[in-house]
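Student: Could we go through this model together, so that I learn how each term is justified?

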Amino acid sequence: MSAQRGGAAMSAQRSGAARSSLAAPSNPARPPKGSAGAYPWAMAGSIAVGVIGASLSLNGVLRGWAWLSPVAVTVVVVVLAMALLRTLRAPAALVPLGGFAALAFILCGTFLRKESIAGFIPGPASVKQAFVLFDRAGETVYAESAPVAPNTGIVLLSCLCLGLVVILIDSLAVPLALPATSGLGLLAVLVVPATIKPQGAGLAGFMVAAAGFILILGCAQRFAPDDRLQSGAGLGRGQFRRSVVLGGAALAVGLVLPLAVPGFDQGTFPVGSRLNPWGPSNGLNPMITLGNSLRTPTGDGRITYATSSSAPVYLRSVTIDRFDGESWAPDDRDSSRRLGTGQIVPSYRLPENLVRVQTVIDTGQFTSPYLPVPYSPAAVNGLNGRWSWDPLTLSIMGEDATSRNQHYTVISVFPQITAAALSQAGTTSPGSGELAGEFTEVPGNLPEIVRNTAGTLTAGIQNNFAKALAIQRYLRSAEFTYSLQAPVQGGYDGNGLSVLADFLQQKSGYCVHFASAMAVMARVSGIPSRIAVGYAPGHPTGNSIAVGGREPLTEFAVDARDAHAWPELYFEGLGWVPFEPTPSRGSVPDYAADAVTPGGSGSNLDEDAIPIPNQTAQPNSRALPGAPLPGTGTGAGTGIPHSLLILAGALFAVALLASPRLLRAGIRARRLRGFREAGQASAAVSPALAWEELQDLARDYGHIPRASQTPRHFAIGLRESLPSATADDAGMRAVRELTADFERHRYGRPADGTPGAGGQLTAERLAAVRTMLRSGGSWLVRLRADWFPPSLLSRWFRTVSAPFRWLGRGVARAGRWAWNVVRKAVRRLRRGN
Amino acid sequence: MEDAPAQAGSSNGHRHTAMPAAEFHAASEKILAAVSQVIDGKAEAAKLALTVLLAQGHLLVEDVPGVGKTMLAKTLARSIDCGVSRIQFTPDLLPSDVTGVSIYNQSSRQFEFRKGAVFANIVIGDEINRASAKTQSALLECMEEHQVTVDGQSYKLAEPFMVVATQNPIEMEGTYPLPEAQRDRFMARISMGYPDQASEIEMLETHQAVSPLAKVTPVVTAADVAAMITAVQQVYVSQAVKEYTVAIGHATRDSARLRLGASPRSLLQLLRAAKATAALDGRDFVLPDDVVAVAEPVLAHRIILERKAAGAGDTPQSVIRAILASLPVSKDAAADTRRA
């Protein structure tokens, strides 16, 4: 072996001697050593930018911005703690632990100061309190829909999650040197708003997160600890061109693919059918979830009720009265809410002739912060927990309870409304004393079509009731069809202005669109309006319930499929009067059923029995293929077919199985990618990388290199462990050449630090070694090397087991110390005796 | 005891230019070939002796009588055209016999210095452990300082200068064992060991009639050797190899089986020997393999075993082998694999 190398080494030695006298030894591929000190801090800054940027997108999932400052403080404290530890050259395993400790301290200091030792050290009390807060957060998440109120529990949870994301990103980027995968952490943050918010993650948050990600990559590249990341070559022209081409291609694919794949944004992955990660949270608040509820084939959130009313009863949960131009939103007049549901008195005047109706309701698994009650409630009895009501809308909301498993009795007063009374009701001027102006507010950017339609419909009509009827009649006319699919396929499932305009053009939609169209047009026409969300009258279950010793009442049941939205218009002296513009749904009240409308169904509860052509849309919708599995909740992934799920699962399993192989191939490709230096024709592979690949290759086939082996010993050991291979073997020759290259690279003069053999040559050499190793191993060894390469698995194992090893060492040290103490004590005792 | 030839001091104070690699290789091959004419089957020992010569160290050859210790030293000396002197150490040998003495010259009426045996390029100290401690230390001072001081006057020794001392194992009768401090001055200690059967038969045949030593003619000059030494000095040592060398030193000091570990001087000599090994292998940079190759001969005679370890059958050689077998070659080897 040495004789073979002799000639080559000699010439190199000669040239090396000549070169060494000319130039100072320096390796251009390595970054200056002194700058490594800034690495932890630069990386910390980048991670902080990325995570805080990503968290910006949580606005909309969490209400307002109050949560941002604790989140930012947490993130900054954790990154700084880890950077500090890294600057102090703490062991690699200790840095994430330090991050965890810093996270615990800052969370205790911020949220659990009273329960913590010294105000920031977590103790049993703070853990207990933290769990209380987590429970509260869980309830909030479960009961409310986005945006949720940022209470202490929610903010604590957010800070904790983001702190953990910081530690994850840091661990990926620095000790594992996988900066690119640190994007997963940022993605994890962005996924939350993307799945929950109807409008997605939002551009600002995404941009800042992306900037942070690029900073992380840049830091890793700039301060790369060795030429593995080929920092010197990062500025090369070829590199730049390649990255521009790659980036452009990725962007183009990202933009074109959704257009090319059928059903990418329609049907299969509609914007509106976002996942509800919290299962059966049918809070009914946003109209978005309402669309999903309606498309559910199985009726979740079943509510049963029995009522003494002879007319069909709508169960009303919440009022949507805020129209901010973008979309309708529920009221949030928290300040004016009153506690106690024993007596509920609206702040507006009700007519004198009222009918009292008693309704017994069992909510079962239906979970919402709002209580479904027949309008208008006068008293609710039998509730668990504290409940409050809004005098303006009469929505009943739990202060510390949800509607889950409630069994209660509602006394409602039904005003005896007649068409005549409505016709006589005065025209209420917008903004009159009785009602705040908010019920007649119309955004300035109202699409023309809405205004025009309203104008056309109410032209020449003075009476408010007549106007309302005209609008209702128009919406219930044959022009409009009820469809759960149309809006979804149109790419909208919301209640914003643009959706409204689309709806009026396409004339197809469901209750949300009908209700919001009527409410907006009513406002345009000067009638105060709002939208009520709840349940249309359901179906009799066949059971009877005896209430308060009276004759048994028929029990009805409603579920998610009966979810409904309808407009309520205000008429002075009569209060809020419900209308029913949605064809084929619900029942048109007697007073509004004056006109001959195709969908008008009087007070028939069984709407399915009514022969309306439009009806066909509904059974279809119920038999939608690919709704989520039963019990996964109304909002969960509606519209994703089973087969797709199975396919995705299978793909995932295959990817999981193939991941070691793919990653191994990726590592090999990265090592062999090489780098171009100025004036060099072909990409050269650093001998160190080629050597690493050789060692990993050997490891894959069961020849494990030992740390105490010199490169040469390793090569000799490899030959000895392969009895079939001769010294003249192509594989053995390749091993010798790779070894010689690496020795020269690692131990030779820096000026001699040749950039290494070309990528092609190195790949050929490694292929020869691989062929040799394959021929020397059994089929089992070959299978393992292909699919579960030990080089990769051992690396994973080392990474995972690092904390345990560290712990083990600590325990061993403590044990030795204790043993010494005991031994000394025994000696002292003996001497004393 | 032979007297030193006059040409010894010819290269004093003069820096040689390094010998080019090709010539270096040829010269070393010639020397080794010459030595192997005489010493059969001991190529390793011969190479190590040459290594020590090129690394400017001194060699201690320790073994039982009659295995060719002196023959090795003589052959090496004979194959180089340089001054050679041989001192047979006996209990009555005086320090002045080694270093030289000032004698009053009647005719010039002045004291003039009569050079001792140490004034030669290669000094063969035969059975060094038979001399008294005083005489031993006189030689050892010359080895360290490369000069002799008599009556306040310093005399430079020849370059290259190498002492090849032989000694019988200390268990033999009538020996004064070298103290640790003095053993430390020798760069390496080798044992000849018995030749294998074939070599021994061949030796019996060839050495019957004439002394094979007579056949050995000088193949290189002293100036050549000096140029070779300069070339060795220019061999590059990377940071990684330095770290590895230091790690070996630390491991011997931390070893529970050793009472005395390797001194900093021994690490310096280890690295020098490694440089010479690298040059002999045709490289201009040191590999960890070079360090490993010379670690045993360079370190074994300097370290002292714990009593328990000696009782358990350990030898200095076995301890060093164990250390080398467990010591990671590169400090960041683990980190390297983790990062990738």
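Student: Which residue of β15(A) stands opposite A306(A)?

Tutor: In β15(A), the residue opposite A306(A) is E555(A). Before we go on, note that this is a predicted model, in which local features need pLDDT of at least 70 and side-chain atom pairs count only at pLDDT 80 or more, while totals for chains, interfaces and linings use all residues. Residues are numbered from 1 along each chain as its sequence is written, and chains are lettered from A and ligands numbered from 1 in the order in which they are written.

Student: How do you know that strand β1 of chain A is joined to strand β15 of chain A?

Tutor: Two strands pair if DSSP finds at least two bridges between them, and 4 bridges join β1 (residues 303-307) to β15 (residues 553-558) of chain A, so the two are paired, and they run antiparallel. Strand β14 (residues 539-545) of chain A is also joined to β15(A) by 4 bridges and runs antiparallel to it, with S544(A) having T554(A) as its bridge partner. Helices (H or I, at least four residues) and strands (E, at least two) are DSSP runs, numbered from the N terminus.

Student: What makes β3 and β10 of chain B edge strands?

Tutor: Chain B has an open sheet of 5 strands in the order β3-β6-β9-β1-β10, with parallel pairing. Its edge strands are β3 (84-88) and β10 (188-190), each of which pairs on one side only. From one strand to the next the twist averages 15°, where axes are lines fitted to C-alpha atoms, for helices over the stretch in contact, and angles run from 0 to 180 degrees between N-to-C directions. The partner of β3(B) is β6 (residues 122-126) of chain B, joined to it by 5 bridges and running parallel, and V84(B) stands opposite I122(B) there.

Student: Why is E127(B) called buried or exposed, and why R109(B)?

Tutor: A residue is buried if 20 or more other C-beta atoms, placed from the backbone, lie within 10 Å of its own, exposed if 12 or fewer, and partly exposed in between. E127(B) has 20 C-beta neighbours inside 10 Å and therefore counts as buried, whereas R109(B) has 7 other C-beta atoms within 10 Å and is therefore exposed. Most residues other than glycine have a negative phi, yet R109(B), in the loop between β4 (100-105) and β5 (110-115) of chain B, has a positive phi of about 55°. E127(B), in the loop between β6 and α5 (133-145) of chain B, has a positive phi of about 50°.

Student: How do you know that helix α10 of chain B reaches close to the span expected?

Tutor: The expected span is 1.5 Å times one less than the number of residues. Helix α10 (residues 264-280) of chain B has 17 residues and reaches 24 Å from its first C-alpha to its last, close to the 24 Å expected. The helix α10(B) is also mostly covered, with 14 of its 17 residues buried.

Student: What is the mean pLDDT of chain B, and where does pLDDT stay under 50?

Tutor: On pLDDT, the predictor's confidence in each residue from 0 to 100, chain B has a mean of 82, and 91% of its residues reach 70 or more. The value stays under 50 over residues 1-14 of chain B and over residues 333-340 of chain B.

Technical notes
Two residues are in contact if their C-beta atoms, placed from the backbone, lie within 7 Å.
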